[in-house]
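Q: Got a minute to go through this one with me? I'd like to start with how far to trust it, then get into the fold.

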Amino acid sequence: MEKKLPKVFANKIEKEIQNNDRVYVASRNIEEKPNNDMNFYGMNVNQKIKAILNSKNYVYKAEVEITTHNGTITKKVIGKNGNQLITMDNELIPIDTILDIQLKAPR
């Protein structure tokens, strides 16, 4: 007993489809901006720290260059506790000793 299945109706596509081409071209034209394009002009140290920790690029840690009285150091900052910055190395850096802080460019 052989049963014939009903035919499925499908429209013929007579035009050229370019869905993937449009998506590809659109994504190719987007220019990526570096993560460190934050404008710190006219901000004090506390405002810079707040801007870094509240930025959309900060998820868990931010690699920053910290300038203190003793020199410049590069640390990965994970948060702020009162008047101190907490680093990945579980080091506390007092904010009042920081002269300047800048977000380091990604590698």
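A: Sure. pLDDT is the predictor's confidence in each residue, from 0 to 100. This is a predicted model, and its chain averages a pLDDT of 81, with 79% of the residues scoring at least 70.

Q: Where does pLDDT stay under 50?

A: Over residues 24-30. For that stretch the model has zero contacts beyond four places in sequence.

Q: OK, on to the sheet. What's the strand order?

A: E4-E3-E2-E1-E5, an open sheet of five strands with antiparallel pairing. Strand E4 (92-94) and E5 are the edges, each pairing on one side only. From one strand to the next, the twist averages 50°.

Q: And how many bridges do E1 and E5 pair over?

A: Five, in the antiparallel sense. Glu65 stands opposite Gln102 in E5.

Q: Which strands does H2 touch?

A: H2 packs on the sheet and touches E1, E2, strand E3 (84-87) and E5. The direction of H2 makes about 25° with that of E5.

Q: What about the largest nonpolar core, how many residues are in there?

A: There are 17. The ones with the most contacts inside that core are Ile49, Ile52, Val64, Ile66, Leu85, Ile98 and Ile101. Helix H2 (45-54), strand E1 (62-68) and strand E5 (98-103) each supply at least two residues of the core, and H2 gives the largest share, five residues.

Q: Let's zoom in on Ile101. What does that residue touch?

A: Leaving out residues up to four places away in sequence, Ile101 touches Phe40, Val45, Lys48, Ile49, Ile52, Val64, Glu65, Ile66 and Leu85.

Q: Switching topic: Lys75. Where is that one?

A: Lys75 lies in strand E2, which covers residues 71-81.

Q: Is Lys75 buried or exposed?

A: Buried. Its relative accessibility is 17%, and the cut-off for buried is under 20%, so Lys75 counts as buried.

Q: Which side chain does Lys75 make a polar contact with?

A: Glu91: a polar contact of 2.9 Å joins the two side chains.

Q: And what else does Lys75 touch?

A: Besides Glu91, Lys75 touches Ala62, Glu63, Val64, Ile66, Thr87, Asp89 and Ile93, again not counting residues up to four places away in sequence. Val64 and Ile66 also turn up among the residues with the most contacts inside the largest nonpolar core, and Ile101 touches both of them.

Definitions and conventions: Residues are numbered from 1 along each chain as its sequence is written. This is a predicted model: local features need pLDDT of at least 70, side-chain atom pairs count only at pLDDT 80 or more; totals for chains, interfaces and linings use all residues. Side-chain values use heavy atoms; hydrogens and water are left out. Helices (H or I, at least four residues) and strands (E, at least two) are DSSP runs, numbered from the N terminus. Buried means under 20% relative accessible area, exposed over 50%, partly exposed in between (1.4 Å probe, protein chains only). A polar contact is a pair of N or O atoms within 3.5 Å; within protein, one must be able to donate a hydrogen and the other to accept it, and residues adjacent in sequence count only if both atoms are side-chain atoms. Contact means heavy atoms within 4.5 Å. A nonpolar core is a set of buried Ala, Val, Leu, Ile, Met, Phe, Trp, Tyr and Cys residues joined through side-chain atoms within 4.5 Å. Two strands pair if DSSP finds at least two bridges between them. Axes are lines fitted to C-alpha atoms, for helices over the stretch in contact, and angles run from 0 to 180 degrees between N-to-C directions.
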